Each structure stands twice: as C-alpha cells, then as structure tokens.
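Reader: Hi! I'm new to reading protein structures, and I'd like a close look at the aromatic rings and their surroundings. Could you take me through that part slowly?

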Amino acid sequence: MMFQSTRDAGAAKVSAAFAIKQGLAADGGLFVPEEIPSISREDIEKLCHDDYPTRAAKILSLFLTDYTYDELLADCKEAYREDSFVGGAAPLAKIRDGLYSLELWHGPTAAFKDMALQIMPRLLSRALVKCGEKRTALILVATSGDTGKAALEGYKDVDGVKIMVFYPVDGVSRVQKLQMATQTGSNVNVCAIRGNFDDAQNGVKAIFSDAAAAEKLDGDGYFFSSANSINWGRLAPQIVYYVSAYCDLICRGDIQMGETVDFCVPTGNFGNIFAAYLAKNMGLPIGKLICASNVNNILTDFLRTGVYDRNRHFHLTMSPSMDILISSNLERLLYFVAGTRKTTEYMEALKNTGKYTVDADVLAKINETFVGYYADEAETAATIRKTFEKNGYLADTHTSVALACADKYLRDSGSKTPLVVASTASPYKFAADVYASLVGEKPQDELKALDMLSASTKTEIAYPLRDLDKRPVNFDTVIDPKDMLSEVYRYLAR
C-alpha cells in the first residue's frame, strides 16, 4: 500500500512509514492511500471474536503494509493496555432503544484523541527506523484543547522525538489548559498564543512550509513532523473504532450481520468523521454519517450548499474542540470525491480568498453519505440535561452537540436505522459547563466544578482529571502567532 498527496497525482508515491514520518506532503497536500482496502462479511465476523488491540492491529495492517502484523499487534497491545484505558478502549453504551454512545474517552487524558495518540508515537518510532532516519523528529501540534494533551502524553520521553504544542490562550477550558501546563517529560514544550485555534493551526502550517526553517533544522539534526490528524498515522487508528463498534453491536445482539448502522460525529477538523467514511468505503455497513457542529457551523453550511466560507464570525463555545473554521481533513474527502486537480483548485481558493464552492456533482456525491446539522449553546445545554434526566446518561458538551444533532436528523428523516454517536470526551473534561447545564448555575471555579458535578450526579471523576490543581505548572509562556517560529528556535536552543 503506497500513499500519495491529495494535490499531486503525478508525484512519487511513498510508503506508509514515510507518510507517517513526514506528516505533510511536500506540496502542502495530505497523504492518502492509493486505494481503500476492503473488509468482507467474513472478516467482520472474525473481528467480532477479537479484543480491541487485535481488531486495531488487523485493520491497521491493511493500510500499513510495510509494518509487520506482529509489530502492529505488539504496539496495539501496549497502546490500549487496561491500565491506560480504564473501562475499555472504546466501550459502547446504550442511551435508549436504537441510540448508542461510542465512548472514546477512557484513555489517559479523558478525550478521544487518546485512541490515536497512544498508538501513533509507536508507529512513528518504527517509521524512523524503517526510513533510516538519524535526525530527531520535531512534532509541532496546534490544538483546540484535547489533541495537545493527548499528543504530549503519547510522545513524552519517546526516543528520537521532541514535541511542541501551541494552543489558543483563551480558547481552551481551564481543565484543558492545566492538563497541558502541568505536563511532564524531558522532550516536551507547551506555548499559548494570543488568537484562536485557526491562528495556531495556520502558524504550524506556515512553519511546515518554510523552506528556510526546514534547512536550519536539518543542519541542527531535526526535521518537522505532525501529530495532528493531518498525519496519516493519527488518522488511520480512528478507522478502527467504527469497525469495533459495529462488531460490538453484533456481539450484543442489537443488530444482525450486514444490518446498516448510522454514525453521528461531533466534528471540528473532520478527521474523526472522515475515518468513518473510510470504514464505510472498506465495506463496513454504514448508512449515513451525520456531521454535528456547534455554532461554528461552517461544515453544516458546506454540506447543505457546497460553499465553504471561513469569512465569518468565530464563536468561543462550551465545546471548544469544535471551535474551528478550517477543517483540514475535508481536503481528503474532496480528493476521493473530486480528484487531485479540483482539490488543488479548492485549496488554492481557500488560501487566497477564504472560501471555495464545489461543483454540483461533487456536492451530490458527498451528500450520498454525509448530512450536516448543528446545535447552538442553548440546545447543547438542554440536551445535556434532558439526556441525564430521561436516560441517566451524563454527556460532555461535545457529545451533547452530537446528541442534539442526532435527534434533529432522526426527526427530519424518520430513520429507524440504529444510530451510534461518537462520544469524544469525559463530561468531567468540561465539568463547569456540564454542571451549569444540569442545575442552571455555572461554578466560578472550574476545578471545584469537578467535585460539584460528581456530587450532584453521583458519578466518578475521570481518573486523569483528579487532583489537577495539585500538580506543578511547568509551562506558562504566551506569545503572538507571528512569534511561533522564534519560539520553536528558542525551545531547541535550550
């Protein structure tokens, strides 16, 4: 299995290891597999008898063909250990008849990013060896909250790697900020920027495309790589949990083999829901993919009109990991639907004007699978309260956006197809907003909100979030976006 850029079909194809090592293609495009492998009904039946690490190794082996199955199985077993994923790697909870929650947040940072970022560092370490790389990989990450901590936790003290995370100083929750600021590890650095997530992401992309910076780092024995979902090594592991959820529904007796299932995914950078699209195209019986957005509803508008326009007001919401106006992985979908030439044209238009419009046939093809909905802040809060009071299920702010959108889709479509919502964070990750949604009054202290939420709902605080305030703060730097490259140089000069 070879990989190519979304923007240049004629460029030399590369191995999976090279794609994971490099992160971003030389032309600024994203790496995609030259073909999508298939899984049969028989394959799915066999996977039903496997545990999660084995399912992951088998699915990844279809894409990462320059890794051996034994290598992948060893890495998956280490990544998804029971002591790291308390409660299971991707357990499925029933909310009500026909509606399920795929809980992806039982890992070491209480967010779904752990599902990829516990395995990705292991894939990168092997990639460096397979590619004969002697330099140190410098991982640069832009985060809207959860990716940063998950990447820091996954890459800390990994040989041959240094990692630096940038986040918007006022665009993450206090819990998320403390998780990053108190990070430990000899090879990590964290820096806040004055701006929003898109400013951070654009800054990282600019550094990646800076030839002079790459040359300087090369001379110092470093090269750039990425842990964001633009990296194939980050995206591929996300395919697994959709396959696993389908297997679990069969094992529970809730569906029959071959029965169609829909998924609703709270979406920001489009990586998670694109992984579901790949699973469908591999042969998993997925019907509709409901793309759920908060009031930063650029994807909802795109899926309904074909116009992607980031020239709009940016909202800070109670679901900050979705506060994004540039959904990078949408480029991969455009590649599979429209091809390299049109994808390149769309991306150039986005870069130059902040918007693009896809052709009618492209939108029609996308709409065969995808449908977009969004929920505002009031709807999100009401869904948190309603879901807990009616179903006894406590959801975080992002999951509740998806639950609200799922209900809208079910109402509009009249669908009776089983629907699985991707639950992307522990409710304790955003305890103050969840508590306020339940009782109507937001705690002033976000850390005390953890105990208040636990006491009022009689649920346990997620283990990675306990005693956050007792950990020493190791990172408190705040800079302007224009100074991001200079800060990288300062970090490497220490």
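**Rings, charges and packing**

Author: Happy to! Let's start with Arg304, whose charged end sits over the ring of Tyr373, at 5.3 Å from the ring centre. Please keep in mind that this is a predicted model. Tyr374 also has a charge over its ring: here the charged end of Lys408 lies 5.5 Å from the centre.

Now for rings that meet other rings. Searching the whole structure turns up 17 aromatic pairs. A pair of this kind is described by how far apart the ring centres are and by the angle between the planes. One aromatic cluster is made up of Phe270, Phe274, Tyr277, Tyr335, Phe336 and Phe370.

Pause at Phe270, a member of that cluster. You will find Phe270 in the loop that links strand E9 (261-266) to helix H12 (271-282). Its relative accessibility is 1%, so Phe270 counts as buried, since the cut-off for buried is under 20%. The backbone deserves a look too: most residues other than glycine have a negative phi. Phe270 is not a glycine, yet its phi is positive, at about 75 degrees.

For a useful comparison, turn to Lys458, another non-glycine residue with a positive phi, this one of about 55 degrees. Lys458 also belongs to a loop, the one between helix H20 (448-457) and strand E15 (478-479). With a relative accessible area of 75%, Lys458 is exposed, whereas Phe270 is buried.

Aromatic residues turn up again when we ask about the nonpolar interior. In soluble globular proteins, nonpolar side chains tend to be buried together. Here, the largest nonpolar core has 118 residues, and Leu64, Tyr80, Tyr242 and Tyr356 have the most contacts inside it. Helix H11 (residues 232-252) gives this core its largest share, 13 residues. A second core, separate from that one, has 26 residues, including Phe197 and Tyr491.

Try selecting Tyr242 in your viewer. Leaving aside residues up to four places away in sequence, Tyr242 touches Phe263, Val265, Asn272, Ile273, Ala275, Ala276, Ala279, Leu284 and Ala422.

One last stop shows packing around a helix. Six of the eight residues of helix H8 (residues 174-181) are buried, so this helix is largely enclosed by the rest of the structure. The buried ones are Val175, Gln176, Leu178, Gln179, Met180 and Ala181. These residues pack against helix H7 (146-155), strand E6 (161-168) and strand E7 (188-193).

Terms used:
Residues numbered from 1 in each chain as written. Predicted model: local features only at pLDDT ≥ 70, side-chain atom pairs only at ≥ 80, totals over all residues. Heavy atoms only, no water. Buried < 20%, exposed > 50% of the residue type's maximum accessible area, 1.4 Å probe, protein only. Helix = DSSP H or I, 4+ residues; strand = E, 2+ residues; numbered from the N terminus. Contact = heavy atoms within 4.5 Å. Phe/Tyr/Trp six-rings, centres within 6.5 Å; stacked < 30°, edge-to-face > 60°. Lys NZ or Arg CZ within 6 Å of the ring centre and 35° of its normal. Core = buried A, V, L, I, M, F, W, Y, C linked by side-chain atoms within 4.5 Å.
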